[in-house]
Amino acid sequence: MTRLAGVVVLATLFLAGVAAAAPPNAADLEAELVCPVCETTLDQSNAPVAERMKAFIRVRIAAGDSEQEIKDALVAQFGTEVLAKPPEGGFGLLAWLLPLSAVVAGAVAVGLLIRSWSRRRGPPPAADDLDPQLERLVDEELARFDS
Amino acid sequence: MASRARLVAQGVAIGLVALLFVLLAWSLLHDDGGDLAKQANRGDRPTAPDFTLERLDRDGELELSSLRGKAVVLNLWASWCIPCKDEAPYLEQVWRSRRDDGVVVVGLDAKDFRSDARRFADRFDLTFPLVYDGPGHTLDGYNATGFPETFVIDREGRVVAAFAGAVNGEEERVRLASAIDEALST
């Protein structure tokens with residue numbers, strides 16, 4: 001059992017190492033970077049600057065750069081707006097946290113509303129709240145039914 | 001009663017959407033740049049945000065405040081911007097014709113490859129000072145809303161006039177010449 005766990009851990013480490021060593025994929029990068037002219041991702045744009053950026057990505061991949069190094073190089077020349085996804089840190093973290101906060105706030109608001117509606121409706125009327133005349137009629141009908 | 005309330009709600013919703021469209025159209029038609037441009041064009045003469053940026057046309061850096069005492073025509077551009085290509089020859093002409101009067105045209109290239117920017121300068125035979133701000137941090141200070149934008153700065157470092165879009169038509173050229181005269185007269 002211990003041997004099997006060891007093999008699994010080693011295999012996982014090996015696969016992670018292979019993935020890390022693999023060169024970045026140009027198509028993936030083009031889907032994660034934005035053309036400054038048309039403001040769509042590079043894979044959706046054929047603007048001259050987008051073509052230049054695609055060429056730059058290919059050259060840097062061939063030179064052995066990692067995905068992060070290529071992104072950093074483009075951010076240095078075009079600003080953070082070139083990233084399709086905001087950075088997961090600093091000010092960019094807000095873009096991730098705000099929608100999440102909105103979902104949580106919405107869920108809390110819905111919960112509070114449901115609670116307030118169920119309270120407003122109140123408990124069902126007690127049996128002794130029945131109109132005495134109506135109660136008598138019901139009793140008479142039940143007696144007739146029983147007989 | 002309920003259907004009347006629904007009709008009113010639908011009417012209000014359609015009215016709000018129509019109002020948003022009108023606001024959008026109005027803002028597009030009256031786009032004259034960001035806050036700094038608006039202040040300048042109102043005659044408030046806001047201080048031009050200073051910067052120190054690497055030169056594109058030669059080694060070293062250029063500090064905007066080092067040009068105090070001269071009128072500066074600061075042009076924000078990028079090599080991929082089509083209107084920038086249209087106005088570049090005219091800005092070069094302004095530089096060549098007014099430099100002896102104490103006017104400096106400064107081209108600030110941003111969000112661009114350096115190599116593309118240099119090719120652009122060669123193609124249009126630009127000889128005025130060019131600086132490079134890849135990430136475009138300087139643009140925020142000028143509240144730039146796009147490329148190109150041009151700011152005329154007086155001898156004391158205050159913005160006299162701003163142009164959103166290319167300085168290309170006759171009207172903009174007359175306005176630029178008048179703004180340069182005003183910047184030189186302070």
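How many of the 186 residues of chain B count as buried? The share is 37%, and that is a good place to start our walk through this predicted model. We will look at chain B and its sheet, then cross to chain A and finish where the two chains touch.

Chain B contains six helices and seven strands. If you follow the sequence, they come in the pattern α-α-β-β-β-α-β-α-β-α-β-β-α. Contacts that span a long stretch of sequence are well represented here: taking those between residues at least 6 apart, 73% join residues at least 24 apart.

The strands of chain B come together in an open sheet of seven strands with mixed pairing, and their order across it is E2-E1-E5-E4-E3-E6-E7. The edges are held by E2 (61-63) and E7 (159-164) of chain B, each of which has a single partner strand, so one side of each is left without a neighbour in the sheet. From one strand to the next, the twist averages 30 degrees.

Let us step inside the sheet. Strand E3 of chain B, residues 71-77, runs parallel to strand E4 of chain B, residues 103-110, and seven bridges join them. To find this pairing in the model, you can begin at B:Ala71, whose bridge partner in E4(B) is B:Val103. Helix H6 of chain B, residues 170-184, packs on the sheet, where it touches E3, E4, E6 (149-153) and E7 of chain B. The direction of H6(B) makes about 160 degrees with that of E7(B).

One more stop in chain B is B:Ser115, in helix H4 of that chain, residues 114-123. Is B:Ser115 buried or exposed? B:Ser115 counts as exposed, because it has 12 C-beta neighbours inside 10 Å, and the cut-off for exposed is 12 or fewer. Although B:Ser115 and B:Leu56 are 59 residues apart in sequence, their C-alpha atoms are 9.3 Å apart in space.

Now for chain A. Its secondary structure comes to six helices and zero strands. Of its 147 residues, 14% count as buried. Among contacts in chain A with a separation of 6 or more, residues 24 or more positions apart account for 42%.

Helix H4 of chain A (67-78) deserves a closer look. At 1.5 Å a residue, its twelve residues should span 16 Å, and the end C-alpha atoms are indeed 16 Å apart, which agrees. Which residues of H4(A) are buried? They are A:Ile70, A:Lys71, A:Leu74, A:Gln77 and A:Phe78. These residues cover an arc of only 130 degrees around the axis, which puts them on the same side of H4(A). The spacing fits a familiar rule: an α-helix has 3.6 residues a turn, so residues three or four places apart point the same way. Helices H2 (26-32) and H3 of chain A are included in what covers the buried residues of H4(A). On the face turned away from that buried side sit the exposed residues A:Gln68, A:Asp72 and A:Ala76. Just after the helix, A:Gly79 takes a positive phi of about 85 degrees.

Finally, the two chains meet: ten residues of chain A are in contact with eight residues of chain B. On the chain A side, the elements that give two or more residues are H3 (48-62) and H4 (67-78) of chain A. H4(A) gives the most, with four residues. By character, this side of chain A divides into seven nonpolar residues, two polar and one charged.

Key. Residues numbered from 1 in each chain as written. Chains lettered and ligands numbered in written order. Predicted model: local features only at pLDDT ≥ 70, side-chain atom pairs only at ≥ 80, totals over all residues. Buried ≥ 20, exposed ≤ 12 C-beta atoms within 10 Å, placed from the backbone. Contact = placed C-beta atoms within 7 Å. Nonpolar A, V, L, I, M, F, W, Y, C, P; charged D, E, K, R; others polar. Expected span 1.5 Å × (residues − 1). Arc of directions from axis to C-beta. Pairing = 2+ DSSP bridges. Axes fitted to C-alpha atoms, helices over the stretch in contact; angles between N-to-C directions.
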